[in-house]
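I opened this notebook to look up how the chains are placed against one another, and then to follow a few side chains. The entries are in the order in which I looked things up.

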Number of protein chains: 2
Amino acid sequence: MSGTPLYPRVALIGLGLIASSMFWSARRSGAIGHVVGYARSAETRETARRIGLCDSVVDSVAAAVRDADLVVLATPVGAMGAVMQDIAPHLKPGALVTDVGSVKRRVIEDVTPHLPAGVDFVGSHPMAGTEHSGPEAGFASLFDNRWCLIVPVEGTDPAVIDRLERFWQALGAETERMDADHHDMVCAVVSHIPHLIAYTMVGVADDLRRVSDREVIKFSAAGFRDFTRIAASDPTMWRDVFLTNRDATIEVLGRFTEELFALQRAIRTGDGEQLHAYFTRTRAIRRSILEAGQDTDKPDFGRVHVDR
Amino acid sequence: MSGTPLYPRVALIGLGLIASSMFWSARRSGAIGHVVGYARSAETRETARRIGLCDSVVDSVAAAVRDADLVVLATPVGAMGAVMQDIAPHLKPGALVTDVGSVKRRVIEDVTPHLPAGVDFVGSHPMAGTEHSGPEAGFASLFDNRWCLIVPVEGTDPAVIDRLERFWQALGAETERMDADHHDMVCAVVSHIPHLIAYTMVGVADDLRRVSDREVIKFSAAGFRDFTRIAASDPTMWRDVFLTNRDATIEVLGRFTEELFALQRAIRTGDGEQLHAYFTRTRAIRRSILEAGQDTDKPDFGRVHVDR
């Protein structure tokens, strides 16, 4: 990118994995001008200054958003309403506020009542992450070829939404627009419930005294390891996801346990046909994901070298 | 390796992912002499001949095991009893029969009653695999640094067990001995239940009409993809695993649903403390797996290039 930055001045509120990756990625692309960073914890601000994260790091949220053209709420979802209340009096007319939370209906409900006149809110959900968190976890390529869902609120000027989409695209992401309720249901299915299940399975393995922790860890490559990987994400972030996307997660959980009980019954009664039919159907879904180019089909999932 | 092969003549019964990988791996190591292959399906035998899988491929199971020093049952677990019955009259005195199934109590119950005098059985469970199956799916490095659990039956000559362990080590695996019941419980926890849950989640996503298949596939990188990967394994193999390891899977499933309901209740009642404590504990387990060297902690699990 060259020429005028999409947003001359950007404020990142919260300096974890996502915000720090946004900074490094924006740096790479030239999509934004000056970046001010703020984090509630003095230790995080210290770390940010030490590693050169953001052009400047300030000690108050009011100073961070002053004159900013784009304000990014990158705190846990449960804190966004309070942050919005704090920054509202200091926002520049014409500014855009966005967030990077994994839930949208609740964020919109918490944030928009505090919006001053002349300031817009459009939600963002960059669907990217690692099992690491904190200001040192970020890297420039985190969003490359990942989806960022854009969730506008009604009545927003299309030009404002367009610019935010172009911003995420400059950071490497592909964008798609979605309304808040549909967003929350899609994410419950593809992300929130898979994470909850992974957390549960890891907890069960740890609890089951008949199998030692040493064995669980030693033999984890047999399937369990993929669960621990997704169960290692930030606990505060995930607590807030489940508390704020309650309705969709409870609905999908209900379907999941219904289905699991049906398979459990097939196991108990020895109904091999039902099990085989079910496993054949899910295999086809995996094939579709490969065909859609969303993963590699290399043996061992790209982790080992293949030779004969 | 050099010198005398551990087993001068080996018969592979069933020519899927595991048996074909055993052949390529043994070829690489020199651990065995002549390898005879047999598969029930004429099409599989044809494929094996075409790609040079095994030194010879024969059309009857009797011909395959004749004069073999080691016979490997590499069929689905549910078929092993019948195969053993078929081969019993043709086994050479002093031969060793092993299997590569994921369940052991049932295999031992099905196989050992048919053992002729002078023939031993020791179970093997190479904990390695990919989402691919069939004679063309195998590769030489599949077992490298993976565990192969060795499950002896009581009264077996220690020298016979030792030689089988050395054989798997020559194929690249690390070995550990375990009794059959403990093996089946460990595998229920680290492998069977994680697979069942992944199958279920993929099925639920496909069923939930409020989220389109297109969306499930498109946004799968958000966590769901790790589930589809393990849910893509061979349906026949997994059907047999659940039918033959029923008691352990039902026990672990019971613990899993108990735990999942407790988390669901915490979500419904808004108990953030309980969720946070649970997620913090599972994160620690993930850390142990990294420390044990069973996985990589690279961002995005080693899939993306990291730069700033």
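I began with the term on which the interface entries rest: contact means heavy atoms within 4.5 Å. The model is predicted, so I kept to its limits, namely pLDDT of at least 70 for local features and 80 or more for side-chain atom pairs, while totals for chains, interfaces and linings use all residues. Residues are numbered from 1 along each chain as its sequence is written, chains are lettered from A in the order in which they are written, and side-chain values use heavy atoms, with hydrogens and water left out.

**Interface**

I looked up the contacts and found 114 residues of chain A touching 114 residues of chain B. Of the interface residues of chain A, 100% are interface residues in chain B as well, so the copies meet through the same surface. For the buried area (the accessible area, with a 1.4 Å probe, that two parts lose on being put together, summed over both) I noted about 11000 Å² between chain A and chain B, with 67% of it on carbon and sulfur atoms.

I then checked for salt bridges, taken as a side-chain nitrogen of Lys or Arg within 4 Å of a carboxyl oxygen of Asp or Glu. The rule finds zero of them across the interface of chain A and chain B, although the structure holds 30 over all chains.

**Symmetry**

I laid chain A on chain B by least squares on the C-alpha atoms of residues with pLDDT of at least 70 in both, and the RMSD is 0.0 Å after a turn of 180 degrees and a shift of 0.0 Å along the axis. That is the relation of a two-fold axis. Within chain A, the residue that comes closest to the rotation axis is Asp226(A), whose C-alpha is at 3.2 Å.

**Salt bridges within the chains**

For burial I used relative accessible area (buried under 20%, exposed over 50%, partly exposed in between, with a 1.4 Å probe and protein chains only). Lys104(A) and Asp99(A) form a salt bridge with their closest N and O atoms 2.9 Å apart; Lys104(A) is buried at 0%, and Asp99(A) is buried at 0%.

In chain B, I found Arg105(B) joined to Asp181(B) by a salt bridge of 3.0 Å, N to O. Helices here are DSSP runs of H or I with at least four residues, and strands are runs of E with at least two, numbered from the N terminus. Arg105(B) is in helix H5 and Asp181(B) in helix H7 of chain B, so the pair ties together parts 76 residues apart in sequence. Arg105(B) is partly exposed at 32%, and Asp181(B) is partly exposed at 46%.

Glu259(B) has a salt bridge to Arg255(B), with the closest N and O atoms 3.2 Å apart. Both lie in helix H11 of chain B, four residues apart, about one turn of the helix. Glu259(B) is buried at 12%, as is Arg255(B) at 17%. I also noted a network of salt bridges that links Arg45(A), Glu46(A), Arg49(A) and Asp59(A).

**His114(A)**

Where does His114(A) lie? I found His114(A) in the loop between helix H5 (105-111) and strand E6 (120-126) of chain A, partly exposed at 27%. Leaving aside neighbours within four places in sequence, His114(A) is in contact with Gly81(A), Met84(A), Gln85(A) and Ala88(A). A polar atom of the His114(A) side chain lies 3.5 Å from the backbone oxygen of Asp110(A).

Conventions. A polar contact is a pair of N or O atoms within 3.5 Å; within protein, one must be able to donate a hydrogen and the other to accept it, and residues adjacent in sequence count only if both atoms are side-chain atoms.
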